[in-house]
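Visitor: I am new to this structure and would like a close look at one part of it, starting from a pair of charged side chains. Please take me through it slowly and explain each term as it comes up.

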Amino acid sequence: MNSILAVTIIIFLLYFFQVNCQTIYPIDPSGKCEPYIGDTSSSPCSKFLNNLDSIYVSSNSTQQNAMKKLDEYFGILGAIGSSGCKSDSLTYKTLCSIYLPGCESFKNNQTNITIAIPKRICYNTCNSVTTNCGIPKFYFSCDQIEPVSGLPMFPLNYTEFNLTNYDVGSGGSGIGSGSGSGDSNYIVECYAPHSDNTTVDIDSSYCPPPLFYHNSTDHDADYDRGYLFVSESSNCVVPNPVPIYTNEQWDQLYNLSNVLAVLSTFGSLYLLVTFIVLNPKVTSFDRMYGFFNGSVFMMSLSGVILFIAGGPRALIKDGGARISVFEDPLCSSTGFIFQLFAISAILFWAYMGFDLWWRVKYITKPLNIQKYYIPFAFIIAFIFSVIPLATKNYRMVRGNIHCWVYKATLQNTLFFGPLGITLTISTGFIGLVIYEIYKIVKATGRGGIMKLEIKPILNIVLIYFSFVYIFAFNFHNDNNQKNTYGSIDEFFQCTLESDDPSKCTIGGPSIGSLGYFIYCIRIYGIYCFFLQGLNQRAFKIWKRSIVFNNRFVLFIKVKLLSMDNTPSEGGNSSTTAGGSTTTNNNTNNKNNKNNNNNNNNNNNNNNKPTLSTMDSYAFSKNNDSDSDSDDYDPYHKKQNQNDIEIGTVNINN
């Protein structure tokens, strides 16, 4: 305790010595006193300077440069200054006298040497004004020191100069403590102006680029409308997209979102058409997987709607001054669609994990709960989506690429809470699936089951890890939100000092982490397309579908076949083609009969798979889920015995 007290006392004494100990200030031999050059449109200092005829100008400055600085700080006062600050004349007297200090000059009549000494603002006056105006120290600090001398720029009481080398005395315009030539400790009192009734109208609508000015009388209400102010007392708002990245980086993220949304939409639509629309024998697995793909399709479609409307930048309004909120139709509609079908996808995905475990553990035992689970999932998803709709809580998520549930409490209750529960349960089922496969492989000594179930396992695991990342990313951002928005002041300072304010950014998540978040919410349709849409069963469904077996396509195929089989003698072309086709038909019919007999024999030999006799073919049939009498594995090829081939054309009886 004593050591801490001693250190504290030492630090205090050092600070006190720095501020209060008056040492000799150097004299700029090229400094001079000049008449005031006049006001600019932004800086009306003529009403606040103590002596318009004598302004101190150092050797490395000009009044023109000082006026540029004053224009900047008058603009800052208008942008972030409180009403009490902007109505007090002391504010402007102090500001003008800092950059245009009073001047005392001394001339030696014998040598015609003239020197000039500035009259600095007192430290207490400077500190009082900056505190009253609420100006942070990184904007302007009264503890600054002069770069050459290292002495305080704002003395506590006075500044002291040694005039001995200049052979001048106190006969000038200053106040001297000594008399005669070459005063060695000439003292100039610091300047401490007082408030009076002088008023000034400054432009409160100025905001340094890239900030926007918004005339607000209620910051809280305007925040709900999508504006983010740089401070409580300022009408300057942060540009959008929120500058946690440069505009070029935001464009890269927006393009990523647009491309993934379009690809995912087409991928999930392809799966719906293949296994639900064109598939002649839709199984219970197909139905449940169709509900999942349908949910993914609608999630992705919300991104496509944004893309058609102009991309995520269509959610930025008023030229970049605000983000979209509930009252903006594009935002509320796409936010509702995304929330509704994201919850649906999570619930159907959870069922798929349970169904996979059931099919591995109970090979032939049916799972008859789909008819209850499907309406349950949609009711839950609908309720969880209507609540933010009724409370007007869909808006663009600042620093993101889409509209969604806004308030953290609703996000956690209506999305991340259910997601966390689902992830926990699914983690258990994935572990159980691996354990069941391990037991089967250990009992039989064969790994065929792993090959058969690798695609559904991989599908569930990939989606699982994307959900985990979304959950973790949101949790991390919620915990660091204060750090992100706490750096707006530094961003404002950067806009004032940088030669290229467009490069100024606010602290936030790395571009890679947000890019992967966008990837995770847009990738599901692409995952499913590659894992489920590119297999023999899907190709066979399309091959036997009406798309390739309608009258028009058959006509084209027959014509092409006729052209290929046309002999050189033109007179017998039709008869020859017909004969060739007939011969091919007879040959193919015989082959089909032989193949069908072989398939029947194989099926009869594998009707009743048991754990002791299980091999890879035992899983070529799925469970008889939901009482489907002819359910089959969605990943494996099965012969259709009703096919008849005519030449190279396949049709179904």
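Which residue forms a salt bridge with Lys 32, and how far apart are the closest N and O atoms?

Guide: The partner of Lys 32 is Glu 34, and the closest N and O atoms of this salt bridge are 3.5 Å apart; the term stands for a side-chain nitrogen of Lys or Arg within 4 Å of a carboxyl oxygen of Asp or Glu. Before going further, please keep in mind that this is a predicted model, in which local features need pLDDT of at least 70 and side-chain atom pairs count only at pLDDT 80 or more, while totals for chains, interfaces and linings use all residues. Residues are numbered from 1 along each chain as its sequence is written, and side-chain values use heavy atoms, with hydrogens and water left out.

Lys 32 has a relative accessible area of 44% and is therefore partly exposed, and Glu 34, at 21%, counts as partly exposed too. Here buried means under 20% relative accessible area, exposed means over 50%, and partly exposed lies in between, with a 1.4 Å probe and protein chains only.

The search of the whole structure finds 7 salt bridges, and others among them have a buried setting. In one, Glu 146 and Arg 120 meet at 2.3 Å, N to O. This pair links distant parts of the chain, 26 residues apart: Glu 146 sits in the loop between helix 5 (123-132) and strand 6 (158-161), whereas Arg 120 sits in the loop between strand 5 (113-119) and helix 5. Helices (H or I, at least four residues) and strands (E, at least two) are DSSP runs, numbered from the N terminus. Both Glu 146 and Arg 120 are buried.

Another salt bridge joins Arg 322 to Asp 328, at 3.2 Å from N to O. Arg 322 has 13% relative accessibility, so it counts as buried, and Asp 328 is likewise buried at 12%. With Asp 318, these two residues are linked in a network of salt bridges.

Helix 5 leads us on to the cavities. A cavity is a set of points, on a 1 Å grid over the protein atoms alone, where a 1.4 Å probe fits but cannot get out, and its lining residues have an atom within 4 Å of a point. The structure holds 11 cavities of 30 Å³ or more, and the largest has a volume of about 140 Å³, where volume is the space filled by probe spheres set on the points, which are joined across faces, edges and corners. Its lining includes Tyr 73, Thr 94, Cys 126 and Phe 140. Helix 2 (63-80), helix 4 (89-99) and helix 5 each give two or more residues to that lining, and helix 4 has the largest share, with 4 residues. By class, the lining has 9 nonpolar, 3 polar and no charged residues; Ala, Val, Leu, Ile, Met, Phe, Trp, Tyr, Cys and Pro count as nonpolar, Asp, Glu, Lys and Arg as charged, and the others, Gly among them, as polar.

The second largest cavity, with a volume of about 80 Å³, is lined by 12 residues, and among those nearest its centre are Phe 275, Asp 286 and Gln 532. Helix 8 (284-309) supplies at least two of the lining residues, as does helix 7 (247-278), and helix 8 gives the most, with 5 residues. This lining divides into 7 nonpolar, 3 polar and 2 charged residues.

Key
On a 1 Å grid over the protein atoms alone, a cavity is a set of points where a 1.4 Å probe fits but cannot get out, and a pocket is an open set with protein on both sides within 12 Å along at least five of seven lines; lining residues have an atom within 4 Å of a point.
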